[in-house]
Amino acid sequence: MARPATVSRPPVADADTDTILDWFRENARLLIIGGVVVVAALLGFWFYTQSRLLRATNAERTLMSAQQAMAQGNIPLAQTDLQTVTTRYRGTPATGQAALLLAQIHYDQGQYEEGIRTLESVAGTRGTALMRPTFEALIADGYLELSNAAEAARHYQNAARETRFVADRDMYLAQAARAHVAAGDTAAALSIWQGMADDPQSPVSAEARVRLGELMAAPVRGS
């Protein structure tokens, strides 16, 4: 009995190779486009990071120039450099320090509204988060100079909420309580002083007890 003829088949490895090559030929254009997109994305990321680094470096250099000008008594030059940092280089790590120095220059010149605007314009931007309590306290100082004690008290309390340190929190709250008294809201001041008077660990507990005695001997006003 004759055997059936065998059909020759290409090796499996060769068939797989042909399939892969065919797929590459059919999708060559898409592969090239994909490669170009990946390269472009990598280049874009590199340029972005380099641009951020350059901006941060220029901001630090300008801030140092301003500090040197202040040390030499050249306030107009320092003010110009600080304004550059808070506007052109806003969002860099130098922004917060520049804003604090610029606001202080405004305050020293009696320009309290300008100082407050400077601080508020950069508050919350990149690089200022850790300085938020200082920003709020300095804004409050400005409002006190403008005879707006109620607004000052609000910002001192904001500073107390923002700080991570218990001692600083109590100091800010003490300033808020004094501002409430100046604003005529003794009820709010009493609430703050009472909380610290009850805490023997508070750095202002002694003052809090004294202020409580003074306020409780006077008619309570406010909410």
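Start by selecting L212 and showing its side chain. Leaving out residues up to four places away in sequence, L212 touches L190, W193, Q194 and A197. You're looking at a predicted model here, so read each stop as part of a prediction. L212 sits in helix α10. Is L212 buried or exposed? It counts as buried, because its relative accessibility is 8% and the cut-off for buried is under 20%. Now add A197 and draw a distance between the two C-alpha atoms: they are 8.1 Å apart in space, with their positions 15 residues apart in sequence.

Next, click on W193, one of the residues L212 touches. Which residues does W193 contact, once neighbours within four places in sequence are set aside? Select A174, A177, R178, E207, A208, R211, L212 and L215 to see them.

Keep W193 on screen and bring in L119 and M196. These three touch the most other members of the largest nonpolar core, which has 34 residues. To see where that core comes from, colour α4 (95–108), α5 (112–122), α6 (132–145), α7 (149–162), α8 (166–183), α9 (186–197) and α10 (205–216): each one supplies at least two of its residues. There's also a second, separate core of eleven residues, with A66, L82, V85 and A94 among them.

Hop over to E136, in helix α6. With 3% relative accessibility, E136 counts as buried. Show H155, N158 and A159 too: E136 is in contact with them, not counting its neighbours within four places in sequence.

Now for helix α3, residues 75–87. Select N74 and L77 first. N74 caps the N-terminal end of α3, with a side-chain oxygen 3.3 Å from the backbone nitrogen of L77. Then try a ruler check from one end of α3 to the other. At 1.5 Å a residue, its 13 residues should span 18 Å, and the end C-alpha atoms are indeed 18 Å apart, so the two agree. Which residues of α3 are buried? Highlight A78, Q79, D81, L82, T84, V85 and T86. While you turn the helix, remember that an α-helix has 3.6 residues a turn, so residues three or four places apart point the same way.

Finally, zoom out and switch to cartoon view. The chain has ten helices and zero strands. Of its 223 residues, 34% count as buried. Turn on the surface as a last step: the chain exposes about 13900 Å², and carbon and sulfur atoms supply 58% of that.

Methods: Residues numbered from 1 in each chain as written. Predicted model: local features only at pLDDT ≥ 70, side-chain atom pairs only at ≥ 80, totals over all residues. Heavy atoms only, no water. Helix = DSSP H or I, 4+ residues; strand = E, 2+ residues; numbered from the N terminus. Expected span 1.5 Å × (residues − 1). Buried < 20%, exposed > 50% of the residue type's maximum accessible area, 1.4 Å probe, protein only. Polar contact = N/O pair within 3.5 Å; in protein donor to acceptor, adjacent residues only side chain to side chain. Core = buried A, V, L, I, M, F, W, Y, C linked by side-chain atoms within 4.5 Å. Contact = heavy atoms within 4.5 Å. Areas by Shrake-Rupley, 256 points an atom, 1.4 Å probe, with all protein chains shown as cover.
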